[in-house]
Amino acid sequence: MTAVMIIMAVVFLWGVVSARLERADLTAPIVFTAAGGLLAATGLITGPSAPEVLRPLVEFTLVWVLFSDAAGVPYRELRSDAGLYLRLLGIGLPLTVLAGWGLALWLFPGLGIWLALLVGAALAPTDAALGLAVVTNRVVPPRIRRLITVESGLNDGIATPVVMFALAGAASAEGAEGAPGPGEALAELGVGAVTGVVIGLAGGFLLNRARRRRWAAEEFTGVAVLALALVAYTGSVALHGNGFIAAFCAGLAFGATSGERGAAELAFLKQTEDLVSLLVWLAFGAIAIPVLAGRADLLILLYGLLSLTLLRMLPVALSTLGSGLDRASVLFIGWFGPRGLASLVFALLALETLGSQADEAIAVITVTVLLSVLAHGFSAGPLATRYGTRSSRQPFGPV
């Protein structure tokens, strides 16, 4: 109870002074990771000895993140830059995964093919929340803010099948009891996709219809959407499908059918997601920082630095060739691809699935996320202001 009281007090105090701290470039991930590490260092809380302790928090967080990000995609605003989104997600993201996979195999041959793929795929998605000062800064051109936000909202769902496939391959290779093989994992992904689309379409249609007939009380529609995400997840699991893919596909389908009020109804889900995300970051600090004190080395640090720079920025540059974006915009988009909550949750899922067999892979992911928390958290505000001011002086810059 003492640990719970301390954690809730930290959450409350963040709510009280969050705006002030964010103006000082102290984002929620920085604060809660540090708080978790401090609580672990003082012995007030300890990292759980069994991965099952974190399992509900980790899985529900990923479900709500995938559903919310997919459902919040502004479809009407995508038409003008649809080609650029396809370039970033269809070319840039796969290139990032492949580059990360190859570098992991080269630097850490002991990982093997599957765990190296896990590292490459888990560190490919970006997290706009770590660069909140970018996507909320009105000095930055709206087009660039949309690109960063939409890419971040979709790339975690696109990377999830690769992560699940890599986890299944690694578990099968290690002979984990009851672990599905790669073939079974692909079948589960298909079942999850179909289940999610059906549930998302039905949920969006029913809520839209109920709203028009005034059957639905406005104060409960947000709760209904929160529950719909879990229905997609649990329904897919019950049918032996992948629940995370179901949540992502359900979010896409819900966003397409829920009507004009759909975005407003995501507000409650977003707030719930923000709360559980804070708890995940705190758990990350409590578990990861003590572990890294004994496992981090120069090779892992090198991988993290390359993952945040070359492995991200070069694919973005290649995918945007001929798109009309100027060099400053390409560099800006390439840099603000922070690794955050999705990568962290994938690492915790690997811990749950593989245990100590995935220690090295988890250490690589964890170091990269920790570097990103610091580098992107502190650079978001100053670089966004500098880039936005520079763009405003260029009459033919990005709009």
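This report walks through one predicted model, from the whole chain down to a few single residues.

## The chain as a whole

Let's begin with the overall picture. The chain has 399 residues, and buried residues make up 52% of them. Its secondary structure consists of 18 helices and 0 strands.

How do distant parts of the sequence meet? Take the contacts between residues at least 6 apart in sequence: 84% of these join residues at least 24 apart. On the outside, the accessible surface comes to about 17,800 Å², and carbon and sulfur atoms account for 67% of that area.

## The nonpolar core

Inside the chain, the largest nonpolar core has 112 residues. The residues with the most contacts inside this core are F67, V119, I144, Y303, F332 and L349.

V119 is a good place to look around. Setting aside neighbours within four places in sequence, V119 is in contact with A104, L111, Y303, A361, V364 and I365. Y303 therefore appears twice in this story: as a contact of V119, and as one of the residues with the most contacts in the core.

## Two helices side by side

Y303 also leads us to a pair of helices, as Y303 belongs to the part of α14 that touches α15. A pair of packed helices is described by the angle and the distance between their axes. Helix α14 covers residues 298–308 and helix α15 covers residues 310–319; their axes come within 3 Å and cross at roughly 25 degrees. An angle under 35 degrees counts as roughly parallel, so α14 is roughly parallel to α15.

Which residues make the contact? From α14 they are Y303, L306, S307 and L308, while α15 contributes L310, L311 and R312. Sorted by class, the contact has 5 nonpolar, 1 polar and 1 charged residues.

## Two loops to visit

The first stop is G110, in the loop between α5 (82–107) and α6 (112–122). Is G110 buried or exposed? G110 is exposed, with a relative accessible area of 70%. G110 and A361 are 251 residues apart in sequence, yet their C-alpha atoms are 9.9 Å apart in space. A361 is also one of the residues in contact with V119.

The other stop is H240, found in the loop between α10 (218–238) and α11 (243–257). Most residues other than glycine have a negative phi. H240 is not a glycine, but its phi is positive, at about 65 degrees. H240 is exposed too, with a relative accessible area of 64%.

Key: Residues numbered from 1 in each chain as written. Predicted model: local features only at pLDDT ≥ 70, side-chain atom pairs only at ≥ 80, totals over all residues. Heavy atoms only, no water. Helix = DSSP H or I, 4+ residues; strand = E, 2+ residues; numbered from the N terminus. Buried < 20%, exposed > 50% of the residue type's maximum accessible area, 1.4 Å probe, protein only. Contact = heavy atoms within 4.5 Å. Areas by Shrake-Rupley, 256 points an atom, 1.4 Å probe, with all protein chains shown as cover. Axes fitted to C-alpha atoms, helices over the stretch in contact; angles between N-to-C directions. Parallel < 35°, antiparallel > 145°, perpendicular 65-115°, else oblique. Nonpolar A, V, L, I, M, F, W, Y, C, P; charged D, E, K, R; others polar. Core = buried A, V, L, I, M, F, W, Y, C linked by side-chain atoms within 4.5 Å.
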